[in-house]
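Trainee: I have a new model open on my screen. Could we walk through it together?

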Amino acid sequence: MDHFRYLDHRLHCEQVPLDQIAEHVGTPFYCYSRATLERHFDVFRDAFSSIEHLICYSVKANSTLAVLDTLAKRGAGFDIVSGGELARVKRVGCPGQRVVFSGVGKTEAEIRAALEHRVLMFNVESQPELLRINALAGQMGLRAPIALRINPDVDPATHPYISTGLKRNKFGIPHQQAEELYRLAATLEHVQPIGLDCHIGSQLTTLEPFVDALKRVKALLLRLRQQGIAIRYLDLGGGLGIPYDTQQTPPHPERYAEALLREIAGLDVVLILEPGRVIVGNAGILVARVEYVKSGEEKRFIITDAGMNDLLRPALYDAHHTILPVTRRFDREEIMADVVGPICESGDFLARDRMLPEFHAGELLAVRSAGAYGFSMSSNYNSRPRAAEVMVHQDRFAVVRPRETIEQLMEHEVPFV
Ligand code: LLP
């Protein structure tokens, strides 16, 4: 459930009409509903309330400070993958004990910064990384809490670019090798194995892959305990999908929680989850203005002022995002069209071969489900300033990140002399 709906034919975010925001901040802009964000977080967290748990929102999905701040205030922890994300969660006042550090390529500087902030645990993805963490923690006179990220080799049945739990993916440690690496970790002086981690992919729309992966890591956890390696934290990553259109029906977080909780009943672990998309995806939209409508030989093109630099998902994954007119009218015909941006690439589209109401130049349109991996994957390609970001709360809105200026884009550049 989200808080984007038509009132008097004007699309609103909570109680604020989007055309009013467009007038104030210009286009394109991302707009986040705080009530939706809070609701999604609460529903997810409450689904796990029967056991000890920590919800570590995955910062990569949307790292805007206003989003992080909203979630931190509700008690969220964070899953980070870089020194930059660490700095952001520190900025919103999140204590290290609510932070897990994932990622295959942690640098020395990033590991040191995370040790200084006393993160809850490092999700380690390889033997060399384990040894590096041990060495750095030793230099700092610390013992680093770690989990190994297990690659359980299950097929998440999602887009190949966002599946991570298969043998051929670069992520995690093959589950056959994990036991040996845990034994090595247990002998190292400056790491302490306290957790077990796995994340198999993103935008999963069925529960089976989660349960299959959990069965594998659970068996491993029990074997480790028999060997005296006391695993207290079980991190099952993120990955729960969202409906991008009405045909998709991913499981509700409550069903997801039931399936996981059934499997870990009696295990005596603290459960960690790293949801990203399911929290923020449908709490945000992208609003753009139609610049031109052009009829090609074969199809119609609706050319907007938002492009693949603003929202990369359609170009990169052929992802579907629902497109709505900001002002609804019932006298228009539906026509087949491509919604494209101004960027000089044929891959620059927001929708392809879509039946849409006839749009006219100057009108506003909204791209739904753009809260996750929208702004956070945006770029300055074609020297385009990144879009403004707005947050709405009830009948108020605020710009939480102003549109970049062209001056800012060139600010630190100098000619070579
Ligand atoms: N934990 C780890 C270790 C991850 O790699 C990810 C996402 C998450 C948690 C959060 O997953 P979520 O709950 O959001 O599915 N750019 C792609 C998605 C990439 C996901 C990368 N990892 C997209 O736009 O679909």
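Mentor: Happily! Keep in mind that this is a predicted model. Let's begin with Arg 277, whose side chain makes a polar contact with the side chain of Tyr 244, at 2.7 Å.

Trainee: Which helix holds Arg 277?

Mentor: Look for the helix that covers residues 277-280. Arg 277 has its place there, and that helix is α10.

Trainee: Is Arg 277 buried or exposed?

Mentor: The cut-off for buried is under 20% relative accessible area. Arg 277 has 4% relative accessibility, so Arg 277 counts as buried.

Trainee: Which residues of the UniProt "binding site" feature help line the largest pocket?

Mentor: The UniProt record, an unreviewed entry, places this feature at Arg 277, Arg 313, Tyr 317, Glu 345 and Tyr 373. They are spread in space, up to 27.1 Å between C-alpha atoms. From this set, the lining of the largest pocket takes in Arg 277, Arg 313, Tyr 317 and Tyr 373.

Trainee: Where is Arg 313, and is Arg 313 buried or exposed?

Mentor: Arg 313 is found in helix α11, residues 313-317. Not counting residues up to four places away in sequence, Arg 313 touches several residues, including Tyr 244, Arg 277 and Tyr 373. Its relative accessibility is 5%, so Arg 313 in helix α11 counts as buried.

Trainee: Which side chain is joined to that of Thr 27 by a polar contact?

Mentor: Find Thr 27 in the loop between α1 and β4. Thr 27 is buried, with a relative accessible area of 17%. A polar contact of 2.6 Å joins its side chain to that of Asp 305.

Conventions. Residues are numbered from 1 along each chain as its sequence is written. This is a predicted model: local features need pLDDT of at least 70, side-chain atom pairs count only at pLDDT 80 or more; totals for chains, interfaces and linings use all residues. Side-chain values use heavy atoms; hydrogens and water are left out. UniProt positions are given in the numbering used here, feature names are shortened, and annotations may be inferred rather than shown by experiment. On a 1 Å grid over the protein atoms alone, a cavity is a set of points where a 1.4 Å probe fits but cannot get out, and a pocket is an open set with protein on both sides within 12 Å along at least five of seven lines; lining residues have an atom within 4 Å of a point. Helices (H or I, at least four residues) and strands (E, at least two) are DSSP runs, numbered from the N terminus. Buried means under 20% relative accessible area, exposed over 50%, partly exposed in between (1.4 Å probe, protein chains only). A polar contact is a pair of N or O atoms within 3.5 Å; within protein, one must be able to donate a hydrogen and the other to accept it, and residues adjacent in sequence count only if both atoms are side-chain atoms. Contact means heavy atoms within 4.5 Å.
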